Amino acid sequence: MRLVNRIAALVVLLSAVSAGSSDSNSILIKGGTVVAFNQETQGLRVIRGGSVLVENDRITGVFDGAPSRVPKGAEIFDAKGKIITPGFIDTHRHGWQTVFKTIGSNTTLIEFFFRYSSLVAPFFWNASDVYDSQLAGLYEALNAGVTTSLDHATHTWSKDAADAGFQASIDSGARVLWAFSFANITDVVTVEQQYPIFRALAKKPGLKNSPTTLAIAYDAWGPNPNVAEIDKIMALAREVNVSAITTHSLQGPWGSDNSPEDIHALNYLNISIPIVFSHASFLSATGRDLLRSTNQYISITPESEMHYGQTHPVSSLIQDQASLGVDTHMTFSTDILTQARIWLQQTRYERYLDVLEQTKLPKTNPMSAEQAFLLATRSGALALRRPDLGAIFTGAKADLLVWDGDSPPLLGWDDPVAAVILHASVGDIEAVIVDGKWAKKGGKLISKGYPEARKKFLSTAKRLQEVWRGLPLPELPPVWNGHPVVDPERVDVKRGEGDGYGSVYI
Ligand SMILES: [Zn+2]
């Protein structure tokens, strides 16, 4: 906690310095309901009729009433009747896959590997496809109020493809921790070949003036790790000072561990770089203790874990070291709001079931809307060790959302947290600010590059979807990680003959 306070104090100091600059770009969001953050309690503080002052990339004032000062030339945004929240934080994403949108609606995890992953895509995609797909995906996320994402970038199969996705992240204006995936892909690329590609990306000139940073993704920590390879990657992580490290961690019948125990055994868990374990579906009690003692986090991706079947049987036991992620938004929602809502109700369901199974009845509600809100915002910042994100307070980065309080779902709201978490849709996000700059205003994306990106994406998506339509469905292995691969019982939604499963359109 003390370290967090010290960093926050430094952030305030830095913001005070930047606020003094003569060419300051300032916005005053005035007279709205602000879901601010109390650093003392590390909880929310709702201010009605409040204002937020943004100067350059920072929040430089949060006011209970009228602001005590307004910089000359500040843009005044009237927020009467509106709700102001921090932007959402997504700690697990594969943005490059946007072009596959809607063509994997009924896919499973094993089918995904053999049909949509980086095992297959490099044979059909060129670098500009990666660029178009990543950029359109990030605009989609910005539109949905996701201002920060940790992107597990598995499109690093060539220098050009890696560069394209990284450049698209920079060009989007979003805050992306773009995690270069080190992976040996048969007939495509080796980790040895990736080292120089990674080094070159770390020197990319556009990085200096962008909220996007370089991170690392790696999925071969254990069992049976290649220690020499890991030592080399970790030396690079330190040399380049990456913003985060991330890994897919499943365990249980899924295998491919990458557990906290695996990384701890290699002496790399207790380090100053944040490590985010996506899913961590079958995290052990020891793994949970390790995360707490080293302050590392998991990324629960509720919709993905339901869609593909990774599941999350123990994730509610580690919500104090958890954040929320989306995963492959090609198959479902790209927004963290949906993830927060699904996770809230899933957790309530599980905890209620514990009581019902003892033939008792629940007296209180086991998880609050406020807890879901914190998971979707502040917990993501803590997972990434960015105390200046995911919250509204003086000195924080200016990543903000303005919600239309008069929209049909929000009309008549009183509790702004409940309004957002349980009633709103992303269509109610009227404005988005990232790093002090408008990305969405008047309900529309206003980024300069969006019209062109949209056009290019449409033609790329059409072409690649056509290619995938022509690919035969993969033969799945009968056994995976020692476990038979079988059909679950299919549900029946149709009376009489047939079950209503319908067409698989690709
Ligand atoms: Zn993933």
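1. A word on terms before we start: helices (H or I, at least four residues) and strands (E, at least two) are DSSP runs, numbered from the N terminus. With that in hand, residues 83-438 are 36% helix and 17% strand, and the C-alpha atoms at the two ends of this stretch are 16 Å apart. The stretch is the one covered by the UniProt annotation "domain: Amidohydrolase-related", taken from an unreviewed entry. UniProt positions are given in the numbering used here, feature names are shortened, and annotations may be inferred rather than shown by experiment.

2. Please keep in mind that this is a predicted model: local features need pLDDT of at least 70, side-chain atom pairs count only at pLDDT 80 or more, and totals for chains, interfaces and linings use all residues. Residues are numbered from 1 along each chain as its sequence is written.

3. Now the domains. The protein is divided into domain 1 (2-86 + 390-442) and domain 2 (88-386), with bounds that come from an automatic or database domain assignment. The C-alpha centres of domain 1 and domain 2 lie 27 Å apart. Their contact takes 21 residues from domain 1 and 24 residues from domain 2; two residues are in contact if their C-beta atoms, placed from the backbone, lie within 7 Å.

4. On the side of domain 1 that touches domain 2, the elements giving two or more residues are helix H13 (416-423), strand E15 (429-434) and strand E16 (437-441). H13 brings the largest share, five residues. By type, the residues of this side divide into 16 nonpolar, one polar and four charged. Here Ala, Val, Leu, Ile, Met, Phe, Trp, Tyr, Cys and Pro count as nonpolar, Asp, Glu, Lys and Arg as charged, and the others, Gly among them, as polar.

5. Next, the open sheet. Eight strands follow the order E6-E7-E8-E9-E10-E11-E12-E13, with parallel pairing; two strands pair if DSSP finds at least two bridges between them. Strand E6 (88-93) and strand E13 (322-324) are the edges, each pairing on one side only. On average, neighbouring strands of this sheet are turned by 25° against each other, direction ignored. Axes are lines fitted to C-alpha atoms, for helices over the stretch in contact, and angles run from 0 to 180 degrees between N-to-C directions.

6. Two details of that sheet are easy to look up. Strand E9 (residues 213-218) runs parallel to strand E10 (residues 245-249), joined by two bridges, and Ile 216 stands opposite Ile 245 in E10. Helix H5 (residues 191-202) lies across strand E8 (175-182) and E9, at about 155° to E8.

7. I would also point you to strand E1 (residues 26-38). Of its 13 residues, 12 are buried, so E1 is largely enclosed by the rest of the structure. A residue is buried if 20 or more other C-beta atoms lie within 10 Å of its own, exposed if 12 or fewer, and partly exposed in between, with C-beta atoms placed from the backbone.

8. As for the partners of E1, 10 bridges join E1 to strand E2 (residues 43-55) in the antiparallel sense, and Ile 27 has Val 54 in E2 as its bridge partner. E1 and E2 form a hairpin with four residues between them, where Gln 42 in the turn has a positive phi of about 55°. Strand E4 (residues 75-78) pairs with E1 in the parallel sense over four bridges; Leu 28 is matched there with Ile 76. Strand E5 (residues 83-86) is also parallel to E1, with two bridges.
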